[in-house]
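Here is a short briefing for a newcomer. Look over the sequence and the model first, then read on.

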Amino acid sequence: MLRAFRDAFRIPDLQRKILFTLLLLAIYRLGSAIPTPGVNSATLSKANSGGLFGLISMISGGNLSQFSIFALGVLPYITASIVIQLLTTTIPALEKLSKEGEEGRKKINQYTRYAAVALGAVQATFFAAFINSNPSYIAIGWTPGVFTILVMVLTQVAGIAFTMWIGERITEVGVGNGISLIITAGIIARYPFEFQSTAALVRSDPEANWVIRLVAFAAVILVTIAGIVYVYQAERRVPVTYARARGGVAGQARGATQATWLPIKVNQAGVIPVIFASAMLIIPNLISSATTTRAPAVSAWIQTNLVFGQPLYIVLEAALIFGFTYLYNSVQFDPKRIAEQLREAGGFIPGVRPGTPTAEFLGSISGRLSLWGAIFLVVLTIIPQVVQRATGITTFQFSGTGLLIIVGVALETLKQLEAQLTVRRYDGFISKGRIRGRLNN
């Protein structure tokens, strides 16, 4: 990994791409220090550092907890992308667009941006109304009301559009996937403050065996990262053989075959089931906030049992992760469509008849891998909650979801760098060969 980054900085073109990416990420992080007009960010961040804003605030790098101009960031775009992706398999018009190549992809991306802005406006309205419901969250000189809500919503919509523009520019001109890098930068940006808070916690009670707790905490993090890398790259390679109509290689008979494989990842859904499950579990918190005065018993029960780290919360989150993993994988991986594509391309799985038997065979493999992928996500989600309760270190937001995002983005960015390095080395080799050929002639 370090060698790839070192070699990339030695190539002027890649060096400019990396610096351009870092510059745009710095601009995005600068926006996290600018509060939304009308918001008392200091009071809001203290009151809502966890619970309702937990996962969303972590992904946005703390922007939501203080409601900066980039508070929602890329979250509406992520949600819109998932929805459009799911609708593509059910709406014929979108499915047709997805098969039209580059032009169809651009059209779908355009629809995704429109949906993200609309969804972001709705989300911003809910958060602005929540802030206006408590006068202590309103900045001095502002008064709760329709005008204040309108200013907050317009600011957030502008921030969402600008964040999407930054992500697209990074993807097109820089290195890596822009949206993923923005999320990763937001998560990493919280670490210095959390290290500082953890150090203050240790200094506050030096006789509490913090050394043993910190060592155990760090060891679990390292083991978790190693497990994420292992599972992220794990895949089941299904052997596929393609029959050639005519021999294109000297000495190869007509009707010869070519063997390859069909890779199926263990964790096909990524972090999407975890995000969906966390989003569903936010609903009880919303109900609790709305029924504090009207139904105090219901609100108290929710705040006692359906909060991060409680047994009932963990059980429900695990069940939702299992359900969303199978749902998302069933939509993304269609065995019937893949079996039909293999048959049209003249491919077959050795020992399995084409058509329906191939679809059933691929479906059984995908089902088993979905089970292990769901177990992996559940363990990755539960371990941080158990470790934090066991060690008492709650100042550092050890999140399996955050680590999964960071490791996944780092691996994908590294692959892109290595691919660009390989292309440039190959081009250089060809150029040198052409020069030598001209000199010899």
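A cavity is a set of grid points where a 1.4 Å probe fits but cannot get out, while a pocket is an open set. The structure holds 2 cavities of 30 Å³ or more. This is a predicted model. The protein chain has 441 residues, and 41% of them are buried. Its secondary structure comes to 17 helices and 3 strands.

**The chain as a whole**

- Take the contacts in the protein chain with a separation of 6 or more: 74% of them join residues 24 or more positions apart.
- The exposed surface of the protein chain is about 23900 Å².
- Carbon and sulfur atoms supply 65% of that surface.

**The largest pocket**

- The largest pocket holds about 2000 Å³ of space.
- Its lining counts 50 residues, and the closest to the pocket centre are Ser 81, Gln 85, Asn 177, Ile 272 and Tyr 328.
- By class, the lining of the largest pocket has 18 nonpolar, 21 polar and 11 charged residues.
- Several helices each give at least two residues to this lining, among them H5 (75-88), H7 (101-132), H12 (272-290) and H17 (400-440).
- Helices H6 (92-98), H8 (146-173), H9 (178-189) and H14 (311-332) also supply at least two residues each.

**The second largest cavity**

- The second largest cavity has a volume of about 30 Å³.
- Its lining includes Ala 339, Leu 342, Arg 343, Phe 348 and Pro 354.
- Gly 347, Ile 349, Gly 355 and Thr 358 are also among the lining residues of this cavity.
- Helix H15 (335-344) and strand S3 (347-348) each supply at least two residues of the lining.
- H15 gives the most, with 3 residues.
- The lining of the second largest cavity divides into 5 nonpolar, 3 polar and 1 charged residues.

**Helix H5 and Ile 84**

- H5 has 14 residues, which at 1.5 Å a residue should span 20 Å.
- The end C-alpha atoms of H5 are 20 Å apart, so the model agrees with the expected span.
- Buried residues in H5 include Leu 75, Pro 76, Tyr 77 and Ile 78.
- Ala 80, Ile 82, Ile 84 and Thr 88 are buried in H5 too.
- Ile 84 is found in helix H5.
- Ile 84 counts as buried because its relative accessible area is 11%, and buried means under 20%.
- Not counting residues up to four places away in sequence, Ile 84 touches Ile 108 and Thr 112.
- Ile 84 and Leu 94 are 10 residues apart in sequence, with their C-alpha atoms 8.5 Å apart in space.

**Gly 104 in helix H7**

- Gly 104 lies in helix H7.
- Its relative accessibility is 0%, so Gly 104 counts as buried.
- From C-alpha to C-alpha, Gly 104 and Leu 94 are 8.7 Å apart, with their positions 10 residues apart in sequence.

**Helix H11**

- Helix H11 covers residues 210-233, and its 24 residues should span 34 Å at 1.5 Å a residue.
- The end C-alpha atoms of H11 are 35 Å apart, which agrees.
- Trp 210, Phe 217, Ile 221, Thr 224, Ile 228 and Val 231 are buried in H11.
- An α-helix has 3.6 residues a turn, so residues three or four places apart point the same way.

**Two residues of helix H16**

- Helix H16 covers residues 356-391 and contains Ser 366.
- Glu 360 also lies in helix H16.
- Is Ser 366 buried or exposed? Ser 366 counts as buried, because its relative accessibility is 7%.
- Glu 360 is exposed, because its relative accessible area is 56% and the cut-off is over 50%.
- Leaving aside neighbours within four places in sequence, Ser 366 is in contact with Gln 268 and Phe 333.
- Glu 360 and Pro 335 are 25 residues apart in sequence, yet 7.2 Å apart in space, C-alpha to C-alpha.

**Gln 420 in helix H17**

- Gln 420 has its place in helix H17.
- With a relative accessible area of 18%, Gln 420 is buried.
- Which residues does Gln 420 contact, leaving aside its neighbours within four places in sequence? Gln 420 is in contact with Leu 14 and Lys 17.
- Gln 420 and Ala 8 are 412 residues apart in sequence, but 8.7 Å apart in space, C-alpha to C-alpha.

Conventions: Residues are numbered from 1 along each chain as its sequence is written. This is a predicted model: local features need pLDDT of at least 70, side-chain atom pairs count only at pLDDT 80 or more; totals for chains, interfaces and linings use all residues. Side-chain values use heavy atoms; hydrogens and water are left out. On a 1 Å grid over the protein atoms alone, a cavity is a set of points where a 1.4 Å probe fits but cannot get out, and a pocket is an open set with protein on both sides within 12 Å along at least five of seven lines; lining residues have an atom within 4 Å of a point. Grid points are joined across faces, edges and corners, and a volume is the space filled by probe spheres set on the points. Helices (H or I, at least four residues) and strands (E, at least two) are DSSP runs, numbered from the N terminus. Ala, Val, Leu, Ile, Met, Phe, Trp, Tyr, Cys and Pro count as nonpolar, Asp, Glu, Lys and Arg as charged, and the others, Gly among them, as polar. The expected span of a helix is 1.5 Å times one less than its number of residues. Buried means under 20% relative accessible area, exposed over 50%, partly exposed in between (1.4 Å probe, protein chains only). Contact means heavy atoms within 4.5 Å. Accessible areas come from the Shrake-Rupley method with a 1.4 Å probe; for residues, only the protein chains shown count as cover.
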